[in-house]
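Hello,

Here is the structure I promised to pass on to you. Please have a look first, and then read my notes below.

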Amino acid sequence: MCALLQAVAIMGGCLQHVLESSRLQWHDCGVYVVLHACQDTQLVAHAPVVWRGVLAAAQACLAKRGFLLAPQAEAADASNLPDQQRAGSAAATGNGKHSSGNSSGGGVELFYDAVVVGSGAGGGVTAALLAAAGIRVLVLEKAGWVRRQDMSWLEGQAHAEMYEQAGFLTTDDGGINVLAGATLGGGTKINWTASLRTPEHVRREWAAAPHGLGALGPDSHAFSAALDAVCSRLGVAAGTRMSGPNARLLQGLQQLGVHGEELPRNCLSTRCSAYCNFGCRSGHKQSSDVTWLVDAVRLGAHVLTGVEAQRVLLGQAGSTEAGREAQAHPRSQQATGVLALSAARITPGAATASLQQLQLTVHAPLVVASCGSIHTPALLLRSGITAGGNVGRHLRLHPATGVIGFFEPTAEQTAAGQGAVEMYQGVSMGAFSRAAAGWQEGGYGAMVSVPAAHPGLLAAICPDSSPGALKQMMLHLRNGAGCVVFARDSGSGSVSIDGVGWPVISYWPDNTTQKHLLEGIELAVRALAAAGAKRILVPNNCIDCDLHFELGAAPEARAEQLEAYIVKLRSAGVYPKYGLQLLSAHQMGSCRMGSNPRSSVCDASGQCWQVAGLYVSDASLFPTASGVNPMITVYGLAHLVGSGIAQRWKAARKGKEAAARQ
């Protein structure tokens, strides 16, 4: 049985008597701390926020739980830092102040070697590798932790608990729905387990100009070894029993004579519930919260949930950095920690203006931003970090849409009360095709696979001629097989922030990406038709994209109907905006890695060109879109970043110890 994380409340539970005795009003702020891995998942305490009058008690509670509150401990370890980070550490620990003049303000102060912001694929791997090197690590997660026994598998509740903005995050003009995880484990907790390695042609592109990242090229042993390591830890394997929708897709692709293949998955079971996107109750899905975060916590890392990083604390780069300008890119600033706030909750009967939030100042000479491609650039921009205007640029979304085919149940299936496909049983994403992906023609095209599709999402994106017709369609979803099509975007968008610091996503696919998306739609339609679908629906609000094959039609007549339908789809295209329903489940590239500070945010080690000690370790690093489900690539890049930080840390410590013995 996989080890799970035990949550222990720090701002309540044992402090509740303090609140009650002081007659202070309190409310739930959802602050939990993960202290260690164990088999028992029982939550031992709840977590009401404390008011300023009991901050001393909060400090005592944190100290009892092993959190690092004494600045003296951090100062002692500053000697183990690389030279360019030592000055920033001193700034972070001197009387709790920062050399840049940024005041930590009231609240709780914590002292660590490294703070990792985010707990998904990037944050989990990085935290584990740093902790393994003896680095004292704190992981901050702005969302909550949903335990296995608390997963309802209800679509609305799962979206509210584990998705960014309950699944309603969109681009600034509403043109694309952006699905992203917001829970302990990040997107790995609610994704569909597809575990494809970075394609060779993508690695060649990243190694070549203008990116110049030879460390990621196809000949890079380090990156290949990183991909091997993460796939091994996640139990990536094939051999999944195909569900109805996946079997129909593979059947149609085979009939067409084009590529169709089983997807490798990070799941320990060959069967699946089809509810992976609502969290895995069995623990078989090897998401970050049951793998890398467990490793990190076992090695001494701490994890705080319900705490959102507001900005990176900055100091001036030390003189030792200036002395190395001839050897390395000069960085004008030094990361000294993170300022964070507990998540706000509305007190019943209280006005919003009266809400109290606990402020946490985390002092650390190493800061790792692993918030994902939407929130990592927002965090940096709120901190005044632009990296020459590159932060937030080059955003890729893998714009996607769906196609549904409806099949006629057999007499036996009808008698048994079964649907022709049983969309909601078995593995959701288990098969894929790269026949339209263009891997031999430059690597830009579209992938076709099978989504985790449930009634709420389908009802929202699938138009029909009338409410009654929509109801009838929903009643026949058990006979439906869905396909998801996403394009590797050649263009890009951006992430900026609004007046209060929230991320704003600006994106629309360029003409080339739209063309590739339509080619993927055509492949999906042809595959479903070849598999015997009696009806095919493409979600477009502006034209009728509903194809009903005539019952008993001869193959020639059926083929004629299909070709006429394809012509109609091509003529409609992606425009007008809000016509074809588009979404994104993959966000990449908004703080990209590169060899040139004029066109990237981070160098090949993941360190920000502008700020020493600040690293990015998530999908934001992608130089361009991966063209495949990005999870394994994120894990692999994070493994490179985390390993590099750990190696430099250990080398600096050994050097200091050797010098001390002389």
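One term to start with: helices here are DSSP runs of H or I with at least four residues, strands are runs of E with at least two, and both are numbered from the N terminus. Please keep in mind that this is a predicted model.

**Helices and distant partners**

With that definition, Leu227 belongs to helix α8. Leu227 counts as buried, because its relative accessibility is 0% and buried means under 20%. What lies 7.0 Å from Leu227 in space, C-alpha to C-alpha, although 405 residues separate the two in sequence? The partner is Ile632.

Gln251 offers another such pair. This residue sits in helix α9, which covers residues 244-256. With a relative accessible area of 34%, Gln251 is partly exposed. Its C-alpha is 7.8 Å from that of Ala527, and their positions lie 276 residues apart in sequence.

Two further pairs start from loops. Gly442 is in the loop that runs between β14 (431-433) and β15 (446-449). A relative accessible area of 52% makes Gly442 exposed, since the cut-off for exposed is over 50%. The C-alpha atoms of Gly442 and Val202 are separated by 9.1 Å, while the two residues are 240 apart along the chain. Pro576 is in the loop between α17 and β21 and is partly exposed at 44% relative accessible area. Pro576 pairs with Cys542: they are 34 residues apart in sequence and 7.8 Å apart in space, C-alpha to C-alpha.

**How helices cross**

How do α16 and α17 run relative to each other, roughly parallel or roughly antiparallel? The axis of α16 (residues 511-530) comes within 11 Å of the axis of α17, and the two cross at roughly 160°. Angles over 145 degrees count as roughly antiparallel, so α16 is roughly antiparallel to α17. Their crossing is right-handed.

A second pair is α5 (residues 121-132) and α18 (residues 631-661), whose axes come within 8 Å and cross at roughly 30°. That angle makes α5 roughly parallel to α18, because angles under 35 degrees are counted that way. The crossing of α5 and α18 is also right-handed.

**Backbone features worth a look**

Most residues other than glycine have a negative phi, and most peptide bonds are trans. Here are some places that depart from that pattern.

- Ala209 and Pro210 are joined by a cis peptide bond, with omega about 5°. Pro210 is in the loop between α7 (200-207) and α8 (221-234).
- His394 has a positive phi, near 65°, and is not a glycine. You will find His394 in the loop between α12 and β13 (400-406). His394 is buried, with 11% relative accessible area.
- Tyr578 also has a positive phi, near 75°. Tyr578 is in the loop between α17 (555-572) and β21 (582-584), the loop that holds Pro576. With 44% relative accessibility, Tyr578 counts as partly exposed.

**Empty space**

Rolling a probe the size of a water molecule over the atoms shows where empty space is left.

The second largest pocket has a volume of about 500 Å³. Its lining is made of 22 residues, and those nearest its centre are Lys142, Glu164, Glu308, Ala343 and Trp502. Which elements each supply at least two residues of this lining? They are α6 (155-162), β9 (307-316), β10 (333-342) and α12 (372-382). By class, the lining of the second largest pocket divides into 11 nonpolar, 6 polar and 5 charged residues.

The structure also holds 6 cavities of 30 Å³ or more. The second largest of these cavities has a volume of about 70 Å³. It is lined by 13 residues, and Pro245, Met423, Val450, Pro451 and Ala453 are the closest to its centre. How many charged residues are in the lining of the second largest cavity? There are no charged residues there, but 9 nonpolar and 4 polar ones. The lining of the second largest pocket, in contrast, has 5 charged residues.

If you want a place to begin, try Leu227 in helix α8 and look across to Ile632, 7.0 Å away between C-alpha atoms.

Happy browsing, and best wishes

Definitions and conventions
Residues numbered from 1 in each chain as written. Predicted model: local features only at pLDDT ≥ 70, side-chain atom pairs only at ≥ 80, totals over all residues. Heavy atoms only, no water. 1 Å grid on protein atoms, 1.4 Å probe; cavity = no way out; pocket = protein on both sides within 12 Å on 5 of 7 lines; lining within 4 Å. Points joined across faces, edges and corners; volume = space filled by probe spheres on them. Nonpolar A, V, L, I, M, F, W, Y, C, P; charged D, E, K, R; others polar. Buried < 20%, exposed > 50% of the residue type's maximum accessible area, 1.4 Å probe, protein only. Axes fitted to C-alpha atoms, helices over the stretch in contact; angles between N-to-C directions. Parallel < 35°, antiparallel > 145°, perpendicular 65-115°, else oblique. Left-handed = near helix turned anticlockwise from the far one by under 90°.
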